[in-house]
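Biologist: Could you take me through one part of this model at close range? I would like to hear about its side-chain contacts and how they sit among the strands.

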Amino acid sequence: EGKIIRYMFIEKYKYGYFYDMNENGDFTTQYIALNDYPLDGTSYLHNIDSDQVIELKSPNDSLPLASSSLLKNEALLKTKEYFETLIPDGIGTEIFENIHSVGEQISPKSINNNGDVAGSVYLDKNGVGFSIGVLWLASNEHKPLDISTIIACQLGTFEETDVMIYSIDDNRNIFAGADIKGVSKVGYFEYVSGNQWKLKQSWSSPKNSYTYTPASNNDYVVISREEYQGGGMVTHNFIYQKKKDNRLGRLISRNPYTYKFEVEDLVQDFVDEEILSLWVQGINKDNEIVGGFHTKNVFLDFFTIDLDTKTVQIFSQLADTGLVVYPEGVRV
């Protein structure tokens, strides 16, 4: 209806970040305290109809730190320079530090409809920062479960490495990634039983690139790859669809996803200027993705794609034709 239903506020915190919400109104957040750097971040599990919150704890007591991945840090530096150039006089720097802070210790990125939460925790060990993949399962009263070893070993290493969990579905299947001997990999892991997951398919990138999964649902997954080209970061977003066995109607157990198309190629056909950067933000149960992009003369615009029909809609074009109407008093 275009109105605020509920305002969630926790005292003593300065900033709040929303991560994900399930169909039951359970959602995950992170709050940043009022003190100076390093920012004190705490993550919670809420419900839209309740004032009660559950704090999501880390399985470690180490001081959290940003990821030690050189590529990720260099990408952040590029983003910082972009903000500082676009918005001078220290304002761009402040905006960047509010968004990308070493205080983001616990990132509860995904929650399924059973209340299971998946994400990452950033830690420091002997002065080296790294991340671990953590689950907060409802059946275990949301106590933190570190499954980094399960993920990293199946992706190809027994060494301590950066591990991140991007999503968890209602069957506890997960998409997770790790830095394997300098190569960024993402895997689809099916839940077996107990605290066990089995790798079914993986994607990797060349060195000096970073692979991750910004969005997935029961039918599709977006595999994104960041890499250096011409002195800057370029992102490619690839759509994969889950296959089915037509004879038995069952899911394929090995390499269950097949490549469909690249998001950039499809969206570019609907944009007059060359797209300089594009990112995917989310996907819903109707197989529609939403994302953003910018060109030389457009600082920010958004798009949606119906993945089943490949139908693309550009937000600014909808607004220009009157199909999207801004609320009264809002100017874009």
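Which residues do ring pairs link into a cluster?

Modeller: Happy to! Please keep in mind that this is a predicted model. The cluster you ask about is made of Phe175, Tyr188, Trp203, Phe238, Tyr240, Tyr257 and Tyr259, linked by ring pairs. The structure as a whole holds 16 aromatic pairs, and two more of the residue pairings deserve a close look.

Take Tyr13 and Tyr44. Their ring centres are 6.2 Å apart and their planes stand at 75°, so the pair is edge-to-face; the cut-off for that label is over 60 degrees. Tyr13 belongs to strand E1 (residues 13–21) and Tyr44 to strand E3 (residues 41–47), so this contact ties together parts that are 31 residues apart in sequence. Tyr13 is buried, at 9% relative accessible area, and Tyr44 is buried too, with a relative accessibility of 9%.

Phe18 and Phe27 make a tilted pair, with 6.0 Å from centre to centre and 35° between the planes. Here the two partners sit in opposite surroundings: Phe18 counts as exposed at 54% relative accessibility, whereas Phe27 is buried at 4%.

From rings we can move on to charges, and Arg172 is a good place to start. Arg172 lies over the face of Tyr191, 5.4 Å from the ring centre. The side chain of Arg172 also meets that of Asp116 in a salt bridge, at 3.3 Å from N to O. Arg172 is in the loop between strand E9 (163–168) and strand E10 (174–180), while Asp116 is in the loop between strand E5 (106–111) and strand E6 (117–125), so the salt bridge ties together parts 56 residues apart in sequence. Both Arg172 and Asp116 are buried.

The count of salt bridges comes to 4. Another of them joins Lys285 and Glu23, with 3.9 Å between N and O. Lys285 lies in the loop between E19 and E20, and Glu23 in the loop between E1 and strand E2 (26–33), so this pair ties together parts that are 262 residues apart in sequence. Lys285 and Glu23 are both exposed, whereas Arg172 and Asp116 are both buried. A further salt bridge links Arg225 with Glu227, whose closest N and O atoms are 3.5 Å apart. In that pair, Arg225 is partly exposed at 21% relative accessibility, and Glu227 counts as buried at 14%. The limit for buried is under 20%, so Arg225, at 21%, falls into the partly exposed class.

The loop that holds Lys285 leads us to the strands on either side of it, E19 and E20. They belong to an open sheet of 4 strands, in the order E19-E20-E21-E22, with antiparallel pairing. Strand E19 (277–283) and strand E22 (311–314) are at the edges, each with a single partner strand, so one side of each has no neighbour in the sheet. From one strand to the next, the twist averages 25°. E19 and strand E20 (residues 288–294) run antiparallel and are joined by 6 bridges. As one example of residue pairing there, Gly282 has Val290 in E20 as its bridge partner.

To follow this on screen, you could start from the Lys285–Glu23 salt bridge and then turn to the sheet order E19-E20-E21-E22.

Note on methods:
Residues numbered from 1 in each chain as written. Predicted model: local features only at pLDDT ≥ 70, side-chain atom pairs only at ≥ 80, totals over all residues. Heavy atoms only, no water. Pairing = 2+ DSSP bridges. Helix = DSSP H or I, 4+ residues; strand = E, 2+ residues; numbered from the N terminus. Axes fitted to C-alpha atoms, helices over the stretch in contact; angles between N-to-C directions. Phe/Tyr/Trp six-rings, centres within 6.5 Å; stacked < 30°, edge-to-face > 60°. Buried < 20%, exposed > 50% of the residue type's maximum accessible area, 1.4 Å probe, protein only. Lys NZ or Arg CZ within 6 Å of the ring centre and 35° of its normal.
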